[in-house]
Amino acid sequence: MASTAGQGQNPLFPRILGHEAGGIVESVGEGVTDLAPGDHVLPVFTGECKECAHCKSEESNMCELLRINTDRGVMLHDGKSRFSIKGKPIYHFVGTSTFSEYTVVHVGCLAKINPLAPLDKVCVLSCGISTGFGATVNVAKPKKGQTVAIFGLGAVGLAVSFSTENSLPSVINSKEIWCNRVREPQDYDRPVQEVIAEMTGGGVDRSVECTGNINAMISAFECVHDGWGVAVLVGVPHKDSVFKTHPMNLLNEKTLTGTFYGNYKPRSDIPRVVEQYMNKEMELDKFITHEVPFSEINKAFELMHRGEGIRCIMRMEE
């Protein structure tokens, strides 16, 4: 929804959207040796070239070549689109463009996975669910018994909640039965960060923001405990948003950080995450609330707009 509205980016249309999917390699280009026709893959919006300083670092997944770029609508190789209609280009979207029966993706943006993994389940790992899991286990890293505030309970926020179930109590600000305490900011006549700090004796140990709303981002940071609290920003804000907080919040040793894709390296890490699902170490089925044929894509968007679905699987008609 944010992409159709141009949120967090400079609008570039016409383009084929979509960035969370599972697929099978139909063919490979010249020089591609890591993949072959028939391989099962998950396309990922931020890639891994395996050659740059970020890819070689154990701390970063921000590939210099293939990191997310919402403004680029062409292939890196030649600066041209692989889609067109009546001789005019249709632009790519974050290197994936998965709202299509066929798409062309840089090899560095494809995670080769176990062919036995059901694509209609593990496809959700190509963005939102991995982002939530990774934001928790790779970035926030709450210890057992610590408090965690989750801002926003879409698929990403629920994935955070699921991955922190052993770190209760969790204090969050949206309605959902997976978490043990629920708060809505509009129910209070003061900032929700003050409410959370009072509830928890000075602030939570960790917070994860999953909305992209700049006010929620500020609240997520200001509600963590001084001395050791860590706030992780996950949502993508509007491109003109400005984060404002008092510098003393930082001097008081609150830590603010962010993450794309939960700090997972797509080619190196996601096959292992898929195996976690295959070994029943992770649940994905709970996140899939609806299924529709691709021809009913507008219905899937309506479900999101109404807040009635977590993840809606769309199948290409055979």
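How much area does the protein expose, and what share of it do carbon and sulfur atoms supply? The legends below start with that surface and then move inward.

**View 1. The outside of the predicted model.** Welcome to the surface: the protein exposes about 16000 Å², and 51% of that area is supplied by carbon and sulfur atoms. Among its side chains are 31 positive and 38 negative ones. The centres of these two sets lie 2 Å apart.

**View 2. The whole fold, with nine helices and 13 strands.** The radius of gyration is 20 Å, close to the 20 Å that the globule rule gives for 318 residues, so the protein is as compact as a globular protein of that length. Measuring along the principal axes, the C-alpha trace spans about 60 × 35 × 35 Å. Of the contacts with a separation of 6 or more, 61% join residues 24 or more positions apart.

**View 3. Inside the largest nonpolar core, a set of 45 residues.** Buried residues make up 46% of the 318 in the protein. Within this core, the members that touch the most others are V122, L125, I129, F133, I270, V274 and L284. Two or more core residues come from each of α2 (119–122), α3 (128–140), β6 (148–151), α4 (155–163), β10 (230–233) and α8 (266–278). Helix α4 gives the largest share, six residues.

**View 4. A closer look at I129 and its neighbours.** Leaving aside residues up to four places away in sequence, I129 touches V124, A155, A159, L284 and F287. One of these partners, L284, is also listed with I129 among the core members that touch the most others.

Terms used:
Residues are numbered from 1 along each chain as its sequence is written. This is a predicted model: local features need pLDDT of at least 70, side-chain atom pairs count only at pLDDT 80 or more; totals for chains, interfaces and linings use all residues. Side-chain values use heavy atoms; hydrogens and water are left out. A nonpolar core is a set of buried Ala, Val, Leu, Ile, Met, Phe, Trp, Tyr and Cys residues joined through side-chain atoms within 4.5 Å. Buried means under 20% relative accessible area, exposed over 50%, partly exposed in between (1.4 Å probe, protein chains only). Helices (H or I, at least four residues) and strands (E, at least two) are DSSP runs, numbered from the N terminus. Contact means heavy atoms within 4.5 Å. The radius of gyration is taken over C-alpha atoms; the globule rule is 2.2 Å times the number of residues to the power 0.38. Accessible areas come from the Shrake-Rupley method with a 1.4 Å probe; for residues, only the protein chains shown count as cover. Lys and Arg count as positive and Asp and Glu as negative; His and the chain ends are not counted. The place of a charge is taken as NZ of Lys, CZ of Arg, CG of Asp or CD of Glu.
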